[in-house]
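Reader: I've got a model open on my screen and I'd like to learn how to read it. Could you walk me through a few features?

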Amino acid sequence: KTYAGNPENNLTEWEFLALNSELNIADGHARQELTPGQTKIIDELPLLFAEGERRPVEEIERECHRTYFQLLGQHSYPSAPGRVLSCYSSSVAMEILSRALATRMETVALVHPTFDNIADLLRGNSLRLVPLAEDPLHDQDLDERLLASVGCVFVTTPNNPTGKVITQERLRRIAEQCAEHDVVLALDTSFRGFDPRAHYDHYAVLQDAGCRWAVIEDTGKLWPTLDLKLGMLAFSENLALPVEKIYSDILLGVSPMILALARRFAEDAASGGLGELHRFIDGNRELVRAELSGLPGITFPDPDSRVSVERVHLGERPSVEVWNALRERNVYALPCRAFHWDAPDEGANMLRIALARSADPLARSIKALRLVLESL
Ligand SMILES: N=C(N)NC[C@@H](O)CC(=O)C(=O)O
């Protein structure tokens, strides 16, 4: 498959091209080296496998969910059996939710821009999409006519690639409006681990508002476990969508070893690892901004972002041209056109840099980017 430099690539097709390169700064998966605490967990994998063989999976799953949700401040998550569905990835959870939504509605309002596979999975289930501009989401009520015309409002928070977080007050207001209009409120919170501003108890806000809701969580962006991860689909009692039935069409459950691994990484994070991760990502963000500072036309659209990716605006330079020149140097970044799933040209001059990378390959990649930008 050669997707090389095809402007029509979706984001994941761009990421495929980077997958086998030492200087892959394209995908948002965690690829930095393990910390000493995490290395100890990996050294214990045989014990986690033995635990998975020995114990009932529901016990390990309950512990995994509890440790993960409490680590990130989500104390009111639905802990009753069956209310959080463990999936092989957040995209599997997204497919299940999309299929469930499509059984009861035709149209979904989706935040714009955001990672394009969310739009593609919804469209793949014959749902029509209405773009929900990101900025007004943070300071204005949702349009009443919009709410009357959609079955679901879908928001990624923290958003990918902007890092913008829906505050507690805004989530409350959005959830109240969705309750008033009987609109499902769906959240993709895959990047929440990076930003303490996303650690208020979202589930308490959603429950209080009384709206129908579904939330997708993801351990895969946080920890460098070679995609040994789980996505989670949590949903309200009143969701009234066939998510469990569709889940049963797609899987029986995830491996107890993966559940035990995620639990151990969450325990390590709770005992200092999360703060360490934040400092690491912040340091990489500063490295990128410092290395590219002073270049004509180069700006950073998301100064307030805390997530593990960073957008760079390239001025007049087309991102695919920069991408091609970087590829000549075996460096792979992510053109941002496809994040703008409803107006691609908005993203034609932006590139996204992955920050969950070891400092050395990241520094080498950004030095190459600086050289490319000086020549274009
Ligand atoms: N199912 C898909 N397409 N997975 C890619 C996704 O995990 C990458 C991502 O979210 C990011 O690079 O920000």
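Author: Sure, let's start with helix axes: these are lines fitted to C-alpha atoms, for helices over the stretch in contact, and the angle between N-to-C directions runs from 0 to 180 degrees. Keep in mind that this is a predicted model.

Reader: Fine, but how far should I trust a prediction?

Author: As a general habit, where pLDDT is low, the predicted coordinates should not be read in detail. Here the protein chain has a mean pLDDT of 97, with 99% of its residues at 70 or more. The model's ipTM is 0.97 and its pTM is 0.97.

Reader: Back to the axes, then. At what angle do H12 and H14 cross?

Author: Two packed helices are described by the angle between their axes and the distance between the axes. For helix H12 (residues 256-292) and helix H14 (residues 359-375), the axes come within 9 Å and cross at roughly 25°. Angles under 35 degrees count as roughly parallel, so H12 and H14 are roughly parallel to each other. Their crossing is right-handed.

Reader: Which residues of H12 and H14 meet?

Author: From H12, look at Asn 284, Leu 287, Val 288, Glu 291 and Leu 292; they meet Ala 359, Leu 362, Ala 363, Ile 366, Lys 367, Leu 369, Arg 370 and Leu 373 in H14. Sorted by class, this contact has nine nonpolar, one polar and three charged residues.

Reader: Now burial. Is helix H1 mostly covered or mostly open?

Author: A residue is called buried under 20% relative accessible area. Helix H1 (residues 11-18) is mostly covered, with six of its eight residues buried. Those are Leu 11, Glu 13, Trp 14, Glu 15, Leu 17 and Ala 18. Their packing partners include helix H6 (116-124), helix H13 (319-328) and strand S12 (350-354).

Reader: And backbone oddities? What should I look for?

Author: Most residues other than glycine have a negative phi, and most peptide bonds are trans. In this model, a cis bond joins His 112 and Pro 113, with omega about 0°. Pro 113 sits in the loop between strand S3 (107-112) and H6. Another cis bond joins Asn 160 and Pro 161, with omega about 20°; Pro 161 is in the loop between strand S5 (152-156) and helix H9 (168-180).

Reader: Which residue has a positive phi near 55°?

Author: That's Leu 226, in the loop between strand S7 (213-218) and strand S8 (231-235). Leu 226 is exposed, with a relative accessible area of 79%. Check Ala 240 too: its phi is positive, about 60°, and it lies in the loop between S8 and helix H11 (243-250).

How values were computed: Residues numbered from 1 in each chain as written. Predicted model: local features only at pLDDT ≥ 70, side-chain atom pairs only at ≥ 80, totals over all residues. Heavy atoms only, no water. Helix = DSSP H or I, 4+ residues; strand = E, 2+ residues; numbered from the N terminus. Parallel < 35°, antiparallel > 145°, perpendicular 65-115°, else oblique. Left-handed = near helix turned anticlockwise from the far one by under 90°. Contact = heavy atoms within 4.5 Å. Nonpolar A, V, L, I, M, F, W, Y, C, P; charged D, E, K, R; others polar. pLDDT = per-residue confidence, 0-100. Buried < 20%, exposed > 50% of the residue type's maximum accessible area, 1.4 Å probe, protein only.
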